[in-house]
Amino acid sequence: MSVSFQLEDRRMGSPFMDSAGLQLYAKRVYIHSCRKPNLQVTKRSLKLNMATVGNSTNIFWHDCPVGRHERQKLLDQKGCVVWITGLSGSGKSTLACSLSRELHAKGKLSYVLDGDNLRHGLNKDLGFKVEDRTENIRRVGEVAKLFADAGLICIASLISPYRKDRDACRAMLPASSFIEVYMNMPLELCEERDAKGLYKLARAGKIKGFTGIDDPYEPPLNCEIELSQQDGVCPPPGTMAGRVVTYLEEKGFLEYK
Ligand SMILES: Nc1ncnc2c1ncn2[C@@H]1O[C@H](COP(=O)(O)OS(=O)(=O)O)[C@@H](OP(=O)(O)O)[C@H]1O
Ligand SMILES: Nc1ncnc2c1ncn2[C@@H]1O[C@H](COP(=O)(O)OP(=O)(O)O)[C@@H](O)[C@H]1O
């Protein structure tokens, strides 16, 4: 059903029409009249909150009448971020894809944000210096936050070598909806795999500042899930994805209640 409301922006003194439901932009907006006589609409006003954030001045927060809970209800799940961290070659991308597949099979909507892939677009202006990695993680944290707010299970897989950067992403999200998964695989295993030949180049000094070789990796101190070898053998991706799915089920993320 399409409903038309006549809205008046009293602050600007300029009346305007909106035909796609109640699009109340965050100005002082009053519902002025309603064409459908059988619809009761109460007079509402939104507070005007002007802010300065970073380099942006005179900016306003625009709220949308469709909220996180409505989206979650629609999807029958709760939005969250599964943040997979670990060395290059530890199996982050493999786990991310396996987890996304398992969730899909259960009818749950997820989306993978992979560090390598994002560096082809959103983050193509960034390198691997400390400040670039920090900005990389910050941006992905912000994007992941939006996906979680959209109601999705957002799976971020990045080396994210610095604890403070991961903790900053955790702090962006509502309590308990940041699930840190540590791929605790020994450097020797990652180097032996060397799927992209990068360790070889780093050992030969052809790549400088490679994580685990001549750049640090700070393991999590309090992660939600730690995945490691069992009796010297790395569990198959499906088994590791199963552990994450079980965690999500136990914490109630795979239903809306
Ligand atoms: N110097 C250096 N150190 C580490 N990794 C490097 C480097 N240079 C290129 N690569 C490739 O970039 C991928 C890591 O990107 P990320 O965005 O996850 O890195 S970070 O979180 O900003 O540290 C990483 O992908 P994964 O192997 O999937 O981890 C590498 O393929
Ligand atoms: N659980 C696993 N068991 C065996 N091999 C794996 C496993 N996970 C990943 N691999 C292999 O290890 C290599 C690196 O995996 P990848 O997911 O690309 O790691 P990362 O994203 O951390 O760099 C790939 O060749 C992949 O097939």
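**Two ligands and two helix pairs**

Biologist: How far does a polar side-chain atom of Ser 88 lie from an oxygen atom of ligand 1?
Modeller: This is a predicted model, in which local features need pLDDT of at least 70 and side-chain atom pairs count only at pLDDT 80 or more, while totals for chains, interfaces and linings use all residues. Side-chain values use heavy atoms, without hydrogens and water; residues are numbered from 1 along each chain as its sequence is written, chains are lettered from A and ligands numbered from 1 in the order written. Between the polar side-chain atom of Ser 88 and an oxygen atom of ligand 1, a polar contact (here N or O atoms within 3.5 Å), the distance is 2.6 Å.

Biologist: Which residue has a polar backbone atom 2.9 Å from a nitrogen atom of ligand 1?
Modeller: Ligand 1 has 19 residues around it (a heavy atom within 4 Å), and Ser 88, Arg 119, Arg 133, Asn 136 and Lys 196 come nearest. A polar side-chain atom of Asn 136 is 2.7 Å from an oxygen atom of ligand 1. The backbone partner of the nitrogen atom, at 2.9 Å, is Gly 209.

Biologist: Which residue places an N or O atom of its side chain 2.8 Å from an oxygen atom of ligand 2?
Modeller: Among the 15 residues around ligand 2, the nearest are Gly 89, Lys 92, Ser 93, Thr 94 and Pro 235. A polar backbone atom of Ser 90 is 3.2 Å from an oxygen atom of ligand 2, and a polar side-chain atom of Arg 193 is 3.4 Å from one. The side chain at 2.8 Å belongs to Ser 93.

Biologist: Is helix 2 oblique or parallel to helix 8?
Modeller: Helix 2 covers residues 92-105 and helix 8 residues 237-250; their axes come within 9 Å and cross at roughly 60 degrees. Angles under 35 degrees count as roughly parallel, over 145 as roughly antiparallel, 65 to 115 as roughly perpendicular and the rest as oblique. The crossing angle therefore makes helix 2, relative to helix 8, oblique.

Biologist: At roughly what angle do the axes of helix 4 and helix 5 cross?
Modeller: In the contact (heavy atoms within 4.5 Å), Arg 133, Thr 134, Ile 137, Arg 138, Gly 141, Glu 142 and Lys 145 of helix 4 meet Lys 164, Asp 165, Arg 166, Cys 169 and Met 172 of helix 5. The axes of helix 4 (residues 130-149) and helix 5 (residues 163-172) come within 9 Å. Their crossing angle, which makes helix 4 roughly parallel to helix 5, is roughly 20 degrees.

Technical notes:
Axes fitted to C-alpha atoms, helices over the stretch in contact; angles between N-to-C directions. Helix = DSSP H or I, 4+ residues; strand = E, 2+ residues; numbered from the N terminus. Polar contact = N/O pair within 3.5 Å; in protein donor to acceptor, adjacent residues only side chain to side chain.
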